[in-house]
Amino acid sequence: KNFMNYVTSVVMLFTTQNLNEVTIKARGKFISKAVDISEVAMNRFLENNIDIKHIKTGSEDFKNREGRQVRVSFIEITMKKKV
């Protein structure tokens, strides 16, 4: 998926699905993309009707394509509708 598809998905979850919270999760080199997606969705499309509720970071064990266990960083960005 390209960047705008993810942004559109987040916006649709808040608008057409009427969810109160959406969490974006990313690992490794995609962490910066998750941050960008949340910022564009909140500031450009949802016009500041959304706040960051919680950001969780950490690392987890992950099996790569070669089947080796590797440790990779992750981020979870939870956004919520403003009341």
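**Sheet.** I began with the strands of this predicted model, and I found three of them forming an open sheet in the order E1-E3-E2, with antiparallel pairing. I noted that strand E1 (21-27) and strand E2 (50-63) stand at the edges with a single partner strand each, so one side of each has no neighbour in the sheet. I also looked up the turn between neighbouring strands of this sheet, which comes to 15 degrees on average with direction ignored.

**Pairing of E1 and E3.** I then took the strand pairs one at a time, and for E1 and strand E3 (residues 69-81) I read seven bridges in the antiparallel sense. To fix the register for myself I picked out Thr-23, which stands opposite Thr-78 in E3.

**Pairing of E2 and E3.** For E2 and E3 I read 13 bridges, again in the antiparallel sense. Here I noted Ile-50, which stands opposite Lys-81 in E3. I followed the chain through the hairpin of E2 and E3, where five residues lie between the strands, and I wrote down that Gly-67 takes a positive phi near 90 degrees there.

**Helices on the sheet.** Which strands does helix H2 (residues 31-45) lie across? I found that H2 lies across E1, E2 and E3, and that it runs at about 10 degrees to E3. For a residue within this helix I chose Ser-38, which lies in H2. Ser-38 counts as buried, because its relative accessibility is 2% and the cut-off for buried is under 20%. Leaving aside neighbours within four places in sequence, I found Ser-38 in contact with Ile-24, Ile-77 and Met-79.

**A residue in E3.** I turned next to Val-72, which is found in strand E3. Is Val-72 buried or exposed? With a relative accessible area of 17% Val-72 is buried, since that word applies under 20%. When I set aside residues up to four places away in sequence, the residues that Val-72 touches were Arg-27, Gly-28, Gly-58, Ser-59, Glu-60 and Phe-62. I also looked up the separation between Val-72 and Gln-17, which are 55 residues apart along the chain, and their C-alpha atoms are separated by 32 Å. As a reminder for reading any strand, I wrote that in a regular strand the side chains alternate between the two faces of the sheet.

**Whole chain.** I stepped back to count the elements, and the chain has two helices and three strands, which run α-β-α-β-β from the N terminus on. Along its principal axes the C-alpha trace spans about 45 × 25 × 20 Å. Of the 83 residues in the chain, 27% are buried. I looked up the contacts with a separation of 6 or more, and residues 24 or more positions apart account for 64% of them.

**Surface and charge.** I closed with the surface, where the chain exposes about 5,800 Å², 49% of it supplied by carbon and sulfur atoms. How many positive and negative side chains does the chain have? I read 15 positive and 9 negative ones, and the centres of the two sets lie 4 Å apart.

Methods:
Residues are numbered from 1 along each chain as its sequence is written. This is a predicted model: local features need pLDDT of at least 70, side-chain atom pairs count only at pLDDT 80 or more; totals for chains, interfaces and linings use all residues. Side-chain values use heavy atoms; hydrogens and water are left out. Two strands pair if DSSP finds at least two bridges between them. Helices (H or I, at least four residues) and strands (E, at least two) are DSSP runs, numbered from the N terminus. Axes are lines fitted to C-alpha atoms, for helices over the stretch in contact, and angles run from 0 to 180 degrees between N-to-C directions. Contact means heavy atoms within 4.5 Å. Buried means under 20% relative accessible area, exposed over 50%, partly exposed in between (1.4 Å probe, protein chains only). Accessible areas come from the Shrake-Rupley method with a 1.4 Å probe; for residues, only the protein chains shown count as cover. Lys and Arg count as positive and Asp and Glu as negative; His and the chain ends are not counted. The place of a charge is taken as NZ of Lys, CZ of Arg, CG of Asp or CD of Glu.
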